[in-house]
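Student: Could you take me through the charged pairs of this protein in detail, showing where each partner sits and how much of it is covered? Please then relate these pairs to the parts of the structure around them.

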Amino acid sequence: MSANESNLSDPQYGYDLVVATTQKSMNVALKAYLDGLGGPLVVACYVYDNDNNLVPISYEQLKADAKGSDPFSVPGGSDPKTDQDLLNLAAANFAGGFRAKAGLPQMPPLKLPPVVTLGNGPTAPVTFNLLCSEFDIAGFNYGPRGSSKWINAAQPADDPWYFVSQVQLNNDVIDPHSPVPPAVQQKIQELIDSVGAGAFSIEKVFLDLSTAMLLSAPTIAGISSKDWPVWALLSSVFLDAYIGELRKTGHPVLGYSCTVDKPKPGTLPIRMLVHECCALVDSSGVPVVDPTKAQQDATTFNYLCTTSTTKPVAHAFRWNWLESTETGTWAGIQSVRRDVFIAYLQSVFNDLVAPISFTPAVSWSQPQSNGYVSLNIGIPAGGGAQFAAKPVNGKITGPTQILSLEFDKPATGSISPAGVGYWGDWFSYTLNYKLTGDVSALVQGDAPCVRLRLRATFYEEFRHTEAWIAPYHDLPGANYIDYLVEVLFQISVTDDGKLVVNNAKPSVTDSSTPWYFYKEGIYGLSKEYEQYILARVNPVHTQIKALVNGTFTDIAAKLQGILNNTQSWVFPGSETYAFGKVAFSDYLDFITHTTFIGAR
């Protein structure tokens, strides 16, 4: 039930673009965020008041009251009855305290616990582990008959202490001029240049720290809130102290996204989006119960995007975007709905045939009444040849036709020359220009491909009669141009994570009927007769041949530009992601595996 099951055309979904990012890759970004905080130590200390209630006191005031003794400098297990620093602290009514610094514990990254654990659904809260690069506690644990024990402990290097909280995900539109990561800055500038400063919005998704709720405190060997009441108090204030420090640098951002109000033609204009978390599902499409760490890592945070102005509705997917065995290789998946992909191919290939969408015109004229006539042939472009989308139903099992073309433009003209000696003479020229073709999606090797087949035929026929009784077929009706062009565009990924469409060399099959003009009748005796006709039709032949046999470099470049444009709307983990593998799903969605550029 992996991404090859992607079927965004299912009426339950209908999203034009989905960007799914795994919990594992999001934690990579959040760990980098925590590692870069570099904030000060947060210190909380408590003393007993005259009524034996625990009350807070500043760290500096405590040391002043204790004649300079620092509780965090006294080794654990020191004797409260003989250690002068502890005697000073006891005289200052010190009960206990902690100091902590938000950040990553100094341990191998693979052994670190996750920063966030995603839930399941569009409104599911996130479990947020409050990791610390430094964390120690100190205080008196008073026992019966006036006894006491001194505690001073620091989190072990291989077993960090952390509180567990629950927070809501939230989103907010931000000022384009506010500080954002470089990749987002670049996209903002591109949007300003292309659609204008007032035609787009930038939104961030973040952990809303104001919604944080404490779920559990760390387990510390030899310490419990039952045995040491101070620990219960320290646990109750730790969350606010930690969150307060984080909020000084802003809420942790999970990603940014862009939407446009006024789309630019030729791009994928994301106009509305929503978010959801999706847990790993089993073969029946049901979320896995009690997932393993690897299965939990495959939970995805999904951006559900549409080109419509109607806000999409989040629905759980029946498939996994990545399986648990793939999270070590890929950060996520991007999927483009097949109808959107086909529509862009349709636009590109319609641009291709526009210059050869000829609408032929045939006319005759007789400038003077001397029997001479003039044949005029015109093939102006702009006839409006259009590829039509072919419906795709169910799973694909091989090459699948997605576009078809039928363009048929006949023209004919005739004249009877006026003048003495030409009675009963008659000339007729007929032509029929046809464009037929199709575009198919297929896989060659492991690479998705788009195949274009285009056939251009130019049918001509020339006849004349002399004195009503002598009909001649000077140019028998046939396709004097008959070209079949086939081009295979292969989509792959470059080393730097960009999609590339190869500049395919067209295969051209020439089935044109050889030109043969029969010189019959009295007119056939003239050497200029055939040359006169050829002089008018040769430019037509040359123009069609040049266009049909032309280069397809521009088509490959246009396809490549459109496919890469789908990448620039969502920035999970606040980074640009790179493409790593490309394929068609079983339902012809265009899917690409992704990695963060910083991780390449």
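Tutor: Asp 10 has a relative accessibility of 16% and therefore counts as buried, the limit for that class being under 20%. The model is a predicted one, and this applies to everything that follows. The side chain of Asp 10 forms a salt bridge with that of Arg 318, with 2.8 Å from N to O. Asp 10 belongs to the segment before E1, whereas Arg 318 is in the loop between strand E13 (300-306) and strand E14 (332-336), so the bridge ties together parts that lie 308 residues apart in sequence. Arg 318 has a relative accessible area of 36% and is partly exposed. A buried acid is thus paired with a partly exposed base.

In general terms, side chains of opposite charge can pair when their charged atoms come close. How many salt bridges are found in a search of the whole structure? The search finds 11.

Another of these bridges joins Glu 5 and Lys 395, whose side chains meet at 3.3 Å, N to O. Glu 5 lies in the segment before strand E1 (17-22) and Lys 395 in the loop between strand E17 (388-389) and strand E18 (400-415), so this bridge ties together parts 390 residues apart along the sequence. Glu 5 is buried, at 18% relative accessibility, while Lys 395, at 45%, counts as partly exposed.

The pair formed by Arg 453 and Asp 438 also meets at 3.3 Å, N to O, in a salt bridge. Here the partners are found in strands: Arg 453 in strand E20 (residues 447-466) and Asp 438 in strand E19 (residues 426-444), with their positions 15 residues apart in sequence. Arg 453 is partly exposed, with 29% relative accessible area, and Asp 438 is buried, at 11%. Elsewhere, Asp 16, Arg 337, Arg 338 and Asp 339 are joined into one network through salt bridges that share partners.

Strand E20 offers a way from the charged pairs to their surroundings. Thr 465 lies in this strand and is buried, with a relative accessible area of 14%. Beyond residues up to four places away in sequence, Thr 465 touches Gly 424, Asp 425, Trp 426, Ala 470 and Pro 471. The loop between E20 and strand E21 (470-493) holds Trp 468, which is exposed at 67% relative accessible area. Together with Trp 423 and Ile 469, Trp 468 makes up a nonpolar patch on the surface, with about 510 Å² of accessible area in total.

The interior comes next. The largest nonpolar core contains 138 residues, and Phe 128, Ile 137, Phe 349, Tyr 429, Leu 435 and Phe 489 are those with the most contacts inside it. Setting aside neighbours within four places in sequence, Phe 349 is in contact with Phe 387, Leu 403, Val 439, Val 450, Leu 452, Phe 489, Ile 555 and Leu 559. A second core, separate from this one, has 16 residues, among them Tyr 13, Trp 319, Trp 330 and Ile 333.

Two charged residues in helices may be added. Asp 554 is located in helix H9 (residues 553-565) and is exposed, with a relative accessible area of 55%. Its C-alpha atom is 9.6 Å from that of Val 348, although these residues are 206 apart along the chain. Lys 545 lies in helix H8 (residues 528-548) and is partly exposed, at 34% relative accessibility. Lys 545 and Asp 482 are 63 residues apart in sequence, with a C-alpha to C-alpha separation of 9.6 Å. Lys 545 also touches Ile 481 and Tyr 483, not counting residues up to four places away in sequence.

Covalent links between side chains remain to be considered. A disulfide is a covalent bond between the sulfur atoms of two cysteines. The count of disulfides comes to zero. Cys 132 is in none, and the nearest cysteine sulfur, in Cys 45, is 15 Å away. Why is Cys 258 not bonded to Cys 305? The sulfur of Cys 305 is the closest cysteine sulfur to that of Cys 258, but the 10 Å between them is too far for a bond, because a disulfide needs the sulfur atoms within 2.5 Å. Cys 132 is buried, with a relative accessible area of 0%, and Cys 258 is likewise buried at 0%.

Note on methods:
Residues are numbered from 1 along each chain as its sequence is written. This is a predicted model: local features need pLDDT of at least 70, side-chain atom pairs count only at pLDDT 80 or more; totals for chains, interfaces and linings use all residues. Side-chain values use heavy atoms; hydrogens and water are left out. A salt bridge is a side-chain nitrogen of Lys or Arg within 4 Å of a carboxyl oxygen of Asp or Glu. Helices (H or I, at least four residues) and strands (E, at least two) are DSSP runs, numbered from the N terminus. Buried means under 20% relative accessible area, exposed over 50%, partly exposed in between (1.4 Å probe, protein chains only). Patches are made of residues with over 30% relative accessible area and no salt bridge: like charges are joined within 9 Å, nonpolar side chains (Val, Leu, Ile, Met, Phe, Trp, Tyr) within 5 Å. Accessible areas come from the Shrake-Rupley method with a 1.4 Å probe; for residues, only the protein chains shown count as cover. A nonpolar core is a set of buried Ala, Val, Leu, Ile, Met, Phe, Trp, Tyr and Cys residues joined through side-chain atoms within 4.5 Å. Contact means heavy atoms within 4.5 Å.
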